[in-house]
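Here is a friendly briefing to read with the coordinates open in your viewer. Please take a look at the sequence and the fold, then walk through the points below.

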Amino acid sequence: MRIAILSRNSKLYSTRRLVEAAKARGHEVDVLNPLSCYMNINARESSIHKHGVELPAYDCVIPRIGASVTFYGTAVLRQFEMMGTYPLNESVAISRSRDKLRSLQLLSRKGIGLPTTGFASQPQDIPDLIDMVGGAPLVIKLLEGTQGIGVVLAETRQAAESVIEAFMGLQSNIMVQEYIREAGGADIRCFVIGDKVIAAMKRQAKEGEFRSNLHRGGSASLIKLTPAERATAVKAAKTMGLNVAGVDLLRSNHGPLVMEVNSSPGLEGIEAATEKDVASQIIAFMEKNAKAHKTRTKGRG
C-alpha cells in the first residue's frame, strides 16, 4: 500500500516509528507536512498539491496533527477522505476529541465516568461553579491547553476564585473540575486500537507536581488494568469515533474516570514502558481496515 503520514516533523519519534513499521511490512510511505499541502476542491476531480506538484493517490493516511494546526490539518485530512483515501482516524472524530468540552459532554451522555466538570462565562457564576464541583481543591483547565499547559490546581476557594476571574478577564475559555485526591498525582494512559486496549502505562507526577504528563517530568511504568478500566477506555474511544486513541483515566473511589481522549497519542512513552511494538500494531490494523474500505467504496461505484 501507499501510505501518507500527516506530520509536521518527520524526525519525531512517533512519526519515525510509524515509517519504520510500515516499511518493514512492505509499504511505501510519504511524510507530508499538512501545512505544506493545499487543495483543489471542485465537482469533477479534487486534488491535493504540495510545492506545485499534485500528490499521488494514497491507499491510507495516518493523521499526526498537532493541536495548534487542528483546523487546517483536519481540512487536509478531509480532502484525502473525499478522494477515497482510508483515514486511520477520521477528521470529524479528531475535531470532536480536540474540543475538550464537547468531548466531555458526549462521554457523559454515554454514561462514561468523568470528574464533575463545570463551565461558565460570567464572573457572578464563579461561587456556584466552585460549589458545583465540590469546592476546593479543584482543577482549572484552559480548553485550548495541551500537554499539561494551562492546567492549574487551586488549593483554596480564594485561589480558585482569583484564577477563574483572571482567566475570564483574559477572555479565555476554561472548565473547572473536581480534584481526585485519591489518584495521588497519577493517571493511566490506555492505548486503544480498534476495540482493544493493546497497551497501558501509569504516569506518575514528579514530586511537588500534580500533572502527570511526561512532558511535565512525569514518569511512566507498566500497569495492569481492571476489566472496568479496559471497558471504559474502549467505550470512550468509540464514543469519539476514533480507531486509535490514547485514553487517560484516573482511578477514583467510584471507579475509572476519563480525563481526556487523545486522537494523536505519542508512541515513545507507551513503547518504552510496555516494550510493545505499538507502531506495528497500528499498521496491521490499518492494513486490514483499508482493504475493507476499498471494497466498500468500490461497491458504491
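What follows is a short tour by topic, from the cores to a sheet, a helix and a few single residues.

Please keep in mind that this is a predicted model. Its largest nonpolar core has 41 residues, and a second, separate core has 27. There is also an open sheet of four strands with antiparallel pairing.

**Nonpolar cores**

- Within the 41-residue core, the members that touch the most other members are Phe80, Leu107, Val247, Val258 and Val261.
- Helix α7, covering residues 227-240, is the element that gives the most to this core, contributing five residues.
- Both domain 1 (2-92) and domain 2 (97-112 + 182-288) supply at least three residues each to this core.
- Leucine 107 has contacts beyond its neighbours within four places in sequence: Ile112, Leu114, Ala236, Thr239, Met240, Val258 and Val261.
- The second core, separate from the one above, has 27 residues, including Val19, Tyr86, Ile193 and Ala279.

**The four-strand sheet**

- Reading across the open sheet, the strand order is β8-β11-β9-β10.
- Strands β8 (117-118) and β10 (151-154) each have a single partner strand, so they form the edges and one side of each has no neighbour in the sheet.
- Strand β9, residues 138-142, runs antiparallel to β10 and is joined to it by four bridges.
- In this part of the sheet, leucine 138 lies opposite alanine 154 of β10.
- Helix α6 (residues 157-169) packs on the sheet and touches β9, β10 and β11 (174-178). The direction of α6 makes about 10° with that of β9.

**Helix α2 and serine 91**

- Helix α2 runs over residues 70-82, and its 13 residues should span 18 Å at 1.5 Å a residue. The end C-alpha atoms are 18 Å apart, so the model agrees with that expectation.
- Buried residues of α2 are Thr70, Gly73, Thr74, Ala75, Val76, Leu77, Gln79 and Phe80. Phe80 is also one of the residues with the most partners in the largest core.
- Glycine 84, just after α2, takes a positive phi of about 90°.
- Serine 91 belongs to helix α3 (residues 91-98). Is serine 91 buried or exposed? Its relative accessible area is 5%, under the 20% cut-off, so serine 91 is buried.
- Not counting residues up to four places away in sequence, serine 91 touches Thr74, Leu77, Arg78 and Glu81. Of these, Thr74 and Leu77 are among the buried residues of α2.

**Two partly exposed residues**

- Serine 36 sits in the loop between β2 (28-32) and β3 (37-40). With 21% relative accessibility, serine 36 counts as partly exposed.
- Which residues does serine 36 contact, leaving aside its neighbours within four places in sequence? They are His49, Lys50 and His51. The C-alpha atoms of serine 36 and histidine 49 are separated by 8.4 Å, while the two residues are 13 residues apart along the chain.
- Asparagine 262 is located in strand β16 (residues 255-262). Its relative accessibility is 21%, and asparagine 262 therefore counts as partly exposed.
- Leaving aside its neighbours within four places in sequence, asparagine 262 is in contact with Arg189, Leu242, Val244, Ala245 and Gly246.
- Asparagine 262 and aspartate 248 are 14 residues apart along the chain, and their C-alpha atoms are separated by 7.9 Å.

Definitions and conventions:
Residues numbered from 1 in each chain as written. Predicted model: local features only at pLDDT ≥ 70, side-chain atom pairs only at ≥ 80, totals over all residues. Heavy atoms only, no water. Expected span 1.5 Å × (residues − 1). Buried < 20%, exposed > 50% of the residue type's maximum accessible area, 1.4 Å probe, protein only. Contact = heavy atoms within 4.5 Å. Core = buried A, V, L, I, M, F, W, Y, C linked by side-chain atoms within 4.5 Å. Domains from an automatic or database assignment. Pairing = 2+ DSSP bridges. Axes fitted to C-alpha atoms, helices over the stretch in contact; angles between N-to-C directions.
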